[in-house]
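Colleague: Please take me closely through one part of this model, namely how its secondary-structure elements pack against one another. I would welcome a single connected account, with the cut-offs stated.

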Amino acid sequence: MKSKRRVFRPNLDDVENLSYGRAAKKKRGTGSRHVCHRLNAQERKLYELSKRAGFLTIKGTGYRKERKGSPICNTFRQRCDALEELCIIIEKRMEYDTVLIDFSTLRVMDDTEYVAAI
């Protein structure tokens, strides 16, 4: 008999705390000092819209030089992981748009049925 492995998922409350720069209640596995999560006012608006829409739309990659990363993308991915949903990010650019689909938030062993649906 195979035992079902328990998979760690972030808590939705912890994701919200991280987005405001507060510490997560679960100390292990949610957030990192080396990965930026705190959102500024502009990113906060985009994040609230993305929560309702189910996908994130950003200009470019969302990279912030002063933070050395993309807090909006990091936070949205954590949220999708907590909700066990696909993480869909649309990067708007001048010449073309890029759609990023992250299947890892589903934590499935075989994602071929999801890939085939695209």
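Modeller: In this predicted model, helix 1 (residues 12-19) and helix 2 (residues 41-53) have axes that come within 12 Å and cross at roughly 160 degrees. Helix 1 is therefore roughly antiparallel to helix 2 (angles over 145 degrees count as roughly antiparallel, under 35 as roughly parallel, 65 to 115 as roughly perpendicular and the rest as oblique). Axes are lines fitted to C-alpha atoms, for helices over the stretch in contact, and angles between N-to-C directions run from 0 to 180 degrees. Helices (H or I, at least four residues) and strands (E, at least two) are DSSP runs numbered from the N terminus.

Residues are numbered from 1 along each chain as its sequence is written. Local features need pLDDT of at least 70, side-chain atom pairs count only at pLDDT 80 or more, and totals for chains, interfaces and linings use all residues, while side-chain values use heavy atoms, without hydrogens and water.

Where the two helices meet, V15, E16 and S19 of helix 1 face R44, Y47 and K51 of helix 2, contact meaning heavy atoms within 4.5 Å. By class, this contact comprises 2 nonpolar, 1 polar and 3 charged residues (Ala, Val, Leu, Ile, Met, Phe, Trp, Tyr, Cys and Pro are nonpolar; Asp, Glu, Lys and Arg are charged; the others, Gly among them, are polar).

An open, mixed sheet of 3 strands follows the order 1-2-3, two strands pairing if DSSP finds at least two bridges between them. Strand 1 (56-59) and strand 3 (97-102) are its edges. Strand 1 runs parallel to strand 2 (residues 87-92) through 4 bridges; T57 stands opposite I90 and I58 opposite E91. Strand 2 and strand 3 run antiparallel, joined by 6 bridges, and form a hairpin with 4 residues between them. Helix 3 (residues 71-83) lies across strand 1, strand 2 and strand 3, at about 155 degrees to strand 2.

I89 links these pieces: L100 is its bridge partner in strand 3, and its contacts beyond four places in sequence include L56, I58, C73 and F76. I89 also belongs to the largest nonpolar core, which has 12 residues, among them V15 and Y47. Such a core is a set of buried Ala, Val, Leu, Ile, Met, Phe, Trp, Tyr and Cys residues joined through side-chain atoms within 4.5 Å (buried: under 20% relative accessible area, with a 1.4 Å probe and protein chains only; exposed: over 50%; partly exposed: in between). Helix 3 provides the largest share of this core, 5 residues.
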